[in-house]
Amino acid sequence: MKYLNAAKVLPEKLIVEIQKYVQGETLYIPKPETEHRKWGTSSGGRRMLDHRNAAIKNSFNSGSSIQQLAKEYYLSTETIKKIVYSHKK
């Protein structure tokens, strides 16, 4: 996150209004909700986990035990249960 000088990007009237509430502090202005991205969508991490979870579900449905999958994927049995019993596609 980079910092900007408000005087360089905001109208003076708006700065005066903001100064009624905050002065000399760092102020975070969040993006609108429509601009938010889900975790991992930019890096590909989400896609990788979705692929892994699908493989875990397929293995479970093909007869692998929860304990076998936990060992194979280095996850806890509780995490494997959450993956195989979830109803997400």
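This report walks through how some helices pack, where the salt bridges sit, and what a few single residues are doing in a predicted model.

**Three helices that touch each other**

Let's start with α3, α4 and α5. Two packed helices are described by the angle between their axes and the distance between the axes. With that in mind, look at α3, which covers residues 45-61, and α4, which covers residues 66-73. Their axes are 10 Å apart, and the packing angle is about 145°. The way α3 passes α4 is a right-handed crossing. On the α3 side, the contact is made by Arg 52, Ala 55, Ile 56, Ser 59 and Phe 60, while α4 brings Ile 66, Leu 69 and Tyr 73. Sorted by class, that contact of α3 with α4 has six nonpolar residues, one polar and one charged.

Next, follow the chain along to α4 and α5. Here the axes are 9 Å apart and the angle is about 110°. That makes α4 roughly perpendicular to α5. The crossing of α4 past α5 is right-handed. From α4, the residues in this contact are Ile 66, Gln 67, Leu 69 and Ala 70, and from α5 they are Thr 77, Ile 80, Lys 81 and Tyr 85. By class, the contact of α4 with α5 has five nonpolar, two polar and one charged residues.

That leaves one more pairing to look at. The axes of α3 and α5 come within 9 Å and cross at roughly 85°, and α3 and α5 are therefore roughly perpendicular to each other. Helix α3 offers Arg 52, Asn 53, Ile 56, Lys 57 and Phe 60, and helix α5 answers with Ile 80, Ile 83, Val 84 and Tyr 85. This contact of α3 with α5 divides into six nonpolar residues, one polar and two charged.

Some names turn up twice if you read the lists side by side. Take Ile 56 of α3: this residue is part of the contact with α4, and Ile 56 is also part of the contact with α5. Likewise, Leu 69 of α4 takes part in the contact with α3 and in the contact with α5.

**Salt bridges**

Side chains of opposite charge can pair when their charged atoms come close. How many salt bridges does the structure hold? There are three, and here they are:

| Salt bridge | N to O distance |
|---|---|
| Glu 17 and Lys 20 | 3.1 Å |
| Asp 50 and Arg 46 | 3.2 Å |
| Glu 78 and Lys 81 | 3.4 Å |

What about their surroundings? In the bridge between Glu 17 and Lys 20, Glu 17 is partly exposed at 34% relative accessible area, whereas Lys 20 counts as exposed at 60% relative accessibility.

Asp 50 and Arg 46 both belong to helix α3, sitting four residues apart, which is about one turn of the helix. Asp 50 is partly exposed, with 40% relative accessibility, and Arg 46 is partly exposed too, with 31%.

Glu 78 and Lys 81 are in helix α5 (residues 77-85), and because they are three residues apart there, about one helical turn separates them. Glu 78 counts as partly exposed at 47% relative accessibility, and Lys 81 as partly exposed at 34%. You've met Lys 81 already: this residue is also in the contact between α4 and α5.

**A few residues worth a look**

Most residues other than glycine have a negative phi. Now check Tyr 74, where phi is near 55°, a positive value in a residue other than glycine. Where is Tyr 74? You'll find Tyr 74 in the loop between α4 and α5. Tyr 74 is exposed, with a relative accessible area of 76%.

Is Gly 40 buried or exposed? Gly 40 lies in the loop between α2 and α3, and Gly 40 counts as buried because its relative accessibility is 11%, with the cut-off for buried being under 20%. Leaving aside neighbours within four places in sequence, Gly 40 is in contact with Gly 45 and Arg 46. That second partner, Arg 46, is the one bridged to Asp 50. As for Ala 54, Gly 40 is 14 residues away from this residue in sequence and 17 Å away in space, C-alpha to C-alpha.

Finally, there's Ile 18, which lies in helix α2 (residues 12-19). Ile 18 counts as partly exposed, at 25% relative accessibility. Not counting residues up to four places away in sequence, Ile 18 touches Leu 10 and Leu 27.

Conventions. Residues are numbered from 1 along each chain as its sequence is written. This is a predicted model: local features need pLDDT of at least 70, side-chain atom pairs count only at pLDDT 80 or more; totals for chains, interfaces and linings use all residues. Side-chain values use heavy atoms; hydrogens and water are left out. Axes are lines fitted to C-alpha atoms, for helices over the stretch in contact, and angles run from 0 to 180 degrees between N-to-C directions. Helices (H or I, at least four residues) and strands (E, at least two) are DSSP runs, numbered from the N terminus. A crossing is left-handed if the near helix is turned anticlockwise from the far one by less than a right angle, and right-handed if clockwise. Contact means heavy atoms within 4.5 Å. Ala, Val, Leu, Ile, Met, Phe, Trp, Tyr, Cys and Pro count as nonpolar, Asp, Glu, Lys and Arg as charged, and the others, Gly among them, as polar. Buried means under 20% relative accessible area, exposed over 50%, partly exposed in between (1.4 Å probe, protein chains only). A salt bridge is a side-chain nitrogen of Lys or Arg within 4 Å of a carboxyl oxygen of Asp or Glu. Angles under 35 degrees count as roughly parallel, over 145 as roughly antiparallel, 65 to 115 as roughly perpendicular and the rest as oblique.
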